[in-house]
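Take a look at the chain below. The paragraphs after it go from one contact to the surface around it.

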Amino acid sequence: YAEINRSFARSLFINMRAKTNMENQTALERLDERINQILQKCENLKEENELLRNELVTVKAEREIKDAEVEKLMEENSKKDLEIDEIVNKIESILG
């Protein structure tokens with residue numbers, strides 16, 4: 001009877017251990033899946049970051065071109081203002 005109880009207890013222990021291993025394996029599989037998801041998300045974010053950096057470089061270059069155009073137009077506008085002042089002065093001197 002004692003031998004049967006030991007055998008039963010040993011069998012129960014082995015089954016519990018196997019069940020624990022299966023649960024741990026399942027937990028490890030879930031953990032592995034989650035880690036893979038996180039790594040994939042990280043990779044996606046790196047790619048998106050690279051795209052955004054490239055877009056930023058493009059936008060900065062476009063801004064520099066537009067800033068140069070604005071500066072040129074402001075200079076032209078100042079020259080036109082001077083020309084207008086000269087014309088007004090000539091007209092005033094003629095009318096006199």
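**One contact, one helix**

Asp-67 forms a salt bridge with Arg-63, and the closest N and O atoms are 3.8 Å apart. This is a predicted model, so the distance is a computed one. That distance counts because a salt bridge needs the nitrogen within 4 Å of a carboxyl oxygen. How many salt bridges does a search of the whole structure find? The search finds 1.

Where do the two partners sit? Asp-67 and Arg-63 both lie in helix H1, which covers residues 2-95. They are 4 residues apart, about one turn of the helix. Asp-67 is partly exposed, with a relative accessible area of 45%. That value falls between the cut-offs of 20% for buried and 50% for exposed.

Now step back to the whole chain. Its secondary structure comes to 1 helix and 0 strands. The chain has 96 residues, and buried residues make up 0% of them. About 9,500 Å² of the chain is exposed. Carbon and sulfur atoms supply 58% of that area.

Next, the charged surface. Which residues gather in a patch of negative charge? They are Asp-81, Glu-83, Asp-85 and Glu-86. Asp-81 belongs to helix H1. Its relative accessible area is 42%, so Asp-81 is partly exposed.

The surface also carries a nonpolar patch. Leu-28, Leu-31, Ile-35 and Leu-39 form it. Together these four side chains have about 390 Å² of accessible area. Leu-31, one of the members, is placed in helix H1. Is Leu-31 buried or partly exposed? At 48% relative accessibility, Leu-31 counts as partly exposed. A patch member needs over 30% relative accessible area, and Leu-31 has 48%.

To recap, helix H1 holds the salt bridge pair Asp-67 and Arg-63. Asp-81 of the negative patch lies in helix H1, and so does Leu-31.

Definitions and conventions:
Residues are numbered from 1 along each chain as its sequence is written. This is a predicted model: local features need pLDDT of at least 70, side-chain atom pairs count only at pLDDT 80 or more; totals for chains, interfaces and linings use all residues. Side-chain values use heavy atoms; hydrogens and water are left out. Helices (H or I, at least four residues) and strands (E, at least two) are DSSP runs, numbered from the N terminus. Buried means under 20% relative accessible area, exposed over 50%, partly exposed in between (1.4 Å probe, protein chains only). Patches are made of residues with over 30% relative accessible area and no salt bridge: like charges are joined within 9 Å, nonpolar side chains (Val, Leu, Ile, Met, Phe, Trp, Tyr) within 5 Å. Accessible areas come from the Shrake-Rupley method with a 1.4 Å probe; for residues, only the protein chains shown count as cover. Lys and Arg count as positive and Asp and Glu as negative; His and the chain ends are not counted. The place of a charge is taken as NZ of Lys, CZ of Arg, CG of Asp or CD of Glu.
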